[in-house]
Amino acid sequence: SNTERLYGLMAHEDVRHLYIRGLQQRASLLSLTEHENPRFRHLSNCATRIALCKKPLYNVQDARRLVDFVGEVGEEVLASLDGSRPFPTRPPPVGRYSSATACLLVALNQWLQDRDPAAKGKPYCPQMTLLSRARALLEDLPSCKFLQYEQVTDRKYCPMWQQLVTLQALGLIKKRASKKICEEAGDLSSDVVFELLLDGQTRAAEFVGGGEARPPGALRAHRSDAPVIVLVDR
């Protein structure tokens, strides 16, 4: 509006969900050739790190400044998303999530809370259980879908499941092996289980308590290059 221009104010939208949805969708379109595999991994990594970012992102410059490892490849995709806006910027409904990162952390945390306190053994969640629970938390119209369990175990890549790699690297989740736990859960084909570490529990609680990476923040921000006008009432 003219008033906003006069006072050097510009309305801003937090575009984290646009970026998350776009990165996941772009990664899902890549083939897993030797040429495209690094790009696939990079875009999945970017989606994870943006999902974990606690501050609003209004543009690519914010992403470059506040999110680690966006890089030229990530910036190129984010800039195109800014221009085309193929997905909404709004957050998903409460209790649902746009990013696999939030789905995986919350699913593991819920499994941990649902587990019988008297249960013996380590609190390790079977891969099949995690995948099923995480898929159930994904928003109704996701940017791309979790692969079915059979495809994950066949080592076919999924941009959503790939986000587990970054979560492990960041010390939020730990991948372990237990054939016994998997068999008890009805999964006779795998020995992969996951442990939600303390930092992961903290992040999961933040997602549940405040929505997906959506802290309260100003919808409008002052342009650093805009003049400031001071009005004096006499």
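This is a walk through the fold of one protein, from its overall make-up to single residues.

The model is predicted. The protein has eleven helices and five strands. It holds 234 residues, and 43% of them are buried. Take the contacts between residues at least 6 apart in sequence: 70% of these join residues at least 24 apart.

Start with the sheet. Three strands make it up, and the sheet is open. Their order is β2-β4-β3, with antiparallel pairing. β2 (125–126) and β3 (173–177) are the edge strands, and each pairs on one side only. Helix α6, residues 100–114, packs on this sheet. α6 touches β2, β3 and β4, and its direction makes about 85° with that of β4.

Now look at how the strands are joined. β3 and β4 (residues 192–196) run antiparallel and are linked by five bridges. In this pairing, Lys175 stands opposite Phe194 of β4. On the other pairing, β2 and β4 also run antiparallel, and two bridges join them. Pro126 has Val193 in β4 as its bridge partner.

How enclosed is β4, and what covers its faces? Five of the five residues of β4 are buried, so the strand is largely enclosed by the rest of the structure. In a regular strand, side chains alternate between the two faces of the sheet. In β4, one side carries Val192, Phe194 and Leu196. The other side carries Val193 and Glu195. These residues are all buried, and both faces of the strand are covered. Glu195, a charged residue, is among those buried here.

From the sheet, follow α6 to its helix partner. α6 packs against helix α7 (residues 127–137) at an angle of about 115°. The two axes lie 8 Å apart. The crossing of α6 past α7 is right-handed. On the α6 side, the meeting residues are Cys103, Leu104, Val106, Ala107, Leu108, Gln110, Trp111 and Asp114. On the α7 side, they are Thr129, Leu130, Arg133, Ala134 and Leu137. By class, this contact has nine nonpolar, two polar and two charged residues.

Met128 also belongs to α7. Is Met128 buried or partly exposed? Its relative accessible area is 26%, so Met128 counts as partly exposed; the cut-off for buried is under 20%. Met128 and Ser190 are 62 residues apart along the chain. Their C-alpha atoms are separated by 8.5 Å.

A second helix pair can be read in the same way. Helix α2 (residues 16–28) packs with helix α5 (residues 71–84) at an angle of about 115°. Here the axes are 10 Å apart. α2 passes α5 in a right-handed crossing. α2 supplies Leu18, Tyr19, Gly22, Leu23 and Arg26 to the contact. α5 supplies Val77, Leu78, Ser80, Leu81, Asp82 and Ser84. The class count for this contact is six nonpolar, three polar and two charged residues.

Two single residues round off the tour. One is Thr48, in helix α3 (residues 37–52). Thr48 has 0% relative accessibility, so this residue counts as buried. What does the Thr48 side chain make a polar contact with? The partner is the side chain of Gln163, at 3.4 Å. Neighbours within four places in sequence aside, Thr48 is in contact with Thr101, Gln163, Thr166 and Leu167. Gln163 thus appears both as the polar partner and in this contact list. Thr101 lies within the residue range of α6, 100–114.

The other residue is Asp62, in helix α4 (residues 60–66). Asp62 is a charged residue by class. Is Asp62 buried or exposed? Its relative accessible area is 10%, so Asp62 is buried. The side chain of Asp62 reaches a backbone atom: the nitrogen of Tyr58, at 2.9 Å. Again setting aside neighbours within four places in sequence, Asp62 is in contact with Pro56, Leu57 and Val67.

Note on methods:
Residues are numbered from 1 along each chain as its sequence is written. This is a predicted model: local features need pLDDT of at least 70, side-chain atom pairs count only at pLDDT 80 or more; totals for chains, interfaces and linings use all residues. Side-chain values use heavy atoms; hydrogens and water are left out. Axes are lines fitted to C-alpha atoms, for helices over the stretch in contact, and angles run from 0 to 180 degrees between N-to-C directions. Helices (H or I, at least four residues) and strands (E, at least two) are DSSP runs, numbered from the N terminus. A crossing is left-handed if the near helix is turned anticlockwise from the far one by less than a right angle, and right-handed if clockwise. Contact means heavy atoms within 4.5 Å. Two strands pair if DSSP finds at least two bridges between them. Buried means under 20% relative accessible area, exposed over 50%, partly exposed in between (1.4 Å probe, protein chains only). A polar contact is a pair of N or O atoms within 3.5 Å; within protein, one must be able to donate a hydrogen and the other to accept it, and residues adjacent in sequence count only if both atoms are side-chain atoms.
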